[in-house]
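Welcome, and please load the model in your viewer. We will go through it one selection at a time, starting with strands and ending with loops.

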Amino acid sequence: MTIKNELIENEIENQLIISISNLHKIYDPGRANEVNVLRGVSLEMRKGDFFTLMGPSGCGKSTLLNIVGGLTKQNSGSVKINGVELDSLKDNALSELRNLHIGWVFQSFGLIDNLTALENVMIPLDLADVEDSVARLTAMELLKRVGLEDRADHFPDGLSGGQNQRVAIARALANDPEVILADEPTGNLDTSTGLEIIDLFKELAAQGKAILMVTHDVALAHAAQKVFILRNGVVAEEAKDPALNGIQKDKAEIETEKEM
Ligand SMILES: Nc1ncnc2c1ncn2[C@@H]1O[C@H](COP(=O)(O)OP(=O)(O)O)[C@@H](O)[C@H]1O
Ligand SMILES: [Mg+2]
């Protein structure tokens, strides 16, 4: 049985997509420069969850995302994606899981400059050995889904920041992963473009993705279903601010004002 089939079977049994339990991470343990970043983080996410993670600079947000995405190893504790313990996977299986089940979105987009939008979106499909003609069609569908079908042949430097981030999101969706991890995806965008990205994430969550997004922007964070704060190595859920829940209404009002 392939990992993908095994993961799908586990998923049917158990709708938990991400299960993080008592995670600890220490950089350079026992040395003078030891940093005790995560001290018992637990978090569960299901299909359709869109959660945001905030916290002071250097508190370990990227570290936590990198461990969940299989890029960094923890010192102790467990991370399961669709019921599969990441720590139990050999390198090949971990790479496969990363490419098929996790989509990444970064602050700096991470696109390849000399590839077109379409070719950038095709990368994860090529890595998964999808036939070129199928990959091309799939990538085009994904560009449509993020509203960029008319920009397929553009290179990153011919697109705006918001458009590049949409291309990056289309690329993250290429192999239809259950999980999207986004590390400050709106950090290089203005507020209204950032809001458009949040709207896109909300749509994707409604279609069943589990999305964990790190952000510094309080208003954007509170547009998600749940807001978590990482502080002193542990994660705690933050009460949602009702004043900030109106953010979508405010945006509509701003747009109406612009039209007037
Ligand atoms: N590879 C590494 N080696 C040693 N220390 C690291 C490494 N990566 C991050 N750190 C340290 O761990 C802490 C958390 O970093 P990070 O997860 O990037 O925080 P955040 O994303 O919240 O700003 C910081 O003090 C940082 O310097
Ligand atoms: Mg960071």
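Which residue of β5 does I81 stand opposite? Select I81 and look across: its opposite number in β5 is V84. Strands here are DSSP E runs of at least two residues and helices are H or I runs of at least four, both numbered from the N terminus.

Before going on, a word on the model and its labels. Residues count from 1 along each chain as its sequence is written, while chains are lettered from A and ligands numbered from 1 in the order in which they are written. This is a predicted model, in which local features need pLDDT of at least 70 and side-chain atom pairs count only at pLDDT 80 or more, whereas totals for chains, interfaces and linings use all residues.

**Colour by confidence**

Colour the chain by pLDDT, the predictor's confidence in each residue on a scale from 0 to 100. The protein chain averages 91, and 89% of the residues score at least 70. Now select residues 252-260: pLDDT stays under 50 there, and the model has zero contacts for them beyond four places in sequence. A contact means that the C-beta atoms of two residues, placed from the backbone, lie within 7 Å. Where pLDDT is low, the predicted coordinates should not be read in detail.

**The open sheet**

Switch to a cartoon view; the protein chain has 10 helices and 10 strands. Four of the strands form an open antiparallel sheet in the order β2-β1-β4-β5. Its edge strands are β2 and β5 (84-85), each pairing on one side only. Two strands pair if DSSP finds at least two bridges between them. Strand β4 (76-81) meets β5 over two antiparallel bridges.

**Tyr27 and the ligand**

Next, select Y27 in strand β1 (16-27). Is Y27 buried or exposed? Y27 is partly exposed, because 14 other C-beta atoms lie within 10 Å; 20 or more would make a residue buried and 12 or fewer exposed, with partly exposed in between and C-beta atoms placed from the backbone. Apart from neighbours within four places in sequence, Y27 is in contact with E34, V35 and V37.

Y27 also belongs to the residues around ligand 1, together with D28, V35, V37, G55, S57, G58, C59, G60, K61, S62 and T63. A residue is near the ligand when its C-beta atom, placed from the backbone, lies within 6 Å of it. The elements that give two or more residues to this shell are β2 (35-46) and α2 (61-68), and α2 gives the most, with three. By type, the shell has four nonpolar, six polar and two charged residues. In that count, Ala, Val, Leu, Ile, Met, Phe, Trp, Tyr, Cys and Pro are nonpolar, Asp, Glu, Lys and Arg are charged, and the others, Gly among them, are polar.

**Into the core**

Select V68 next. Leaving aside neighbours within four places in sequence, V68 is in contact with I18, I20, V79, L181 and L212. V68 is also one of the residues that touch the most other members of the largest nonpolar core, which has 68 residues. Such a core is a set of buried Ala, Val, Leu, Ile, Met, Phe, Trp, Tyr and Cys residues joined through C-beta atoms within 7 Å.

L181, in β7, is the bridge partner of W104. Strands β6 (102-106) and β7 (179-183) run parallel over five bridges. Four of the five residues of β6 are buried, so β6 is largely enclosed by the rest of the structure.

**Helix α4 and the loop after it**

Highlight α4 (117-127), whose buried residues are A117, L118, N120, V121, M122, P124 and L125. They pack against α3 (91-101), α5 (132-145) and α6 (161-172). In the loop between α4 and α5 you will find D129, which has a positive phi of about 60° although it is not a glycine. D129 is exposed, with 7 other C-beta atoms within 10 Å.

**Last stop: a hairpin**

Select F228 in β9. L53 stands opposite F228, and F228 also stands opposite E237 in β10. Strand β3 (50-54) pairs with β9 (226-231) in the parallel sense over four bridges, while β9 and β10 (234-238) are antiparallel over five. β9 and β10 form a hairpin with two residues between them, and N232 in the turn has a positive phi of about 50°. N232 is exposed, with 11 other C-beta atoms within 10 Å.
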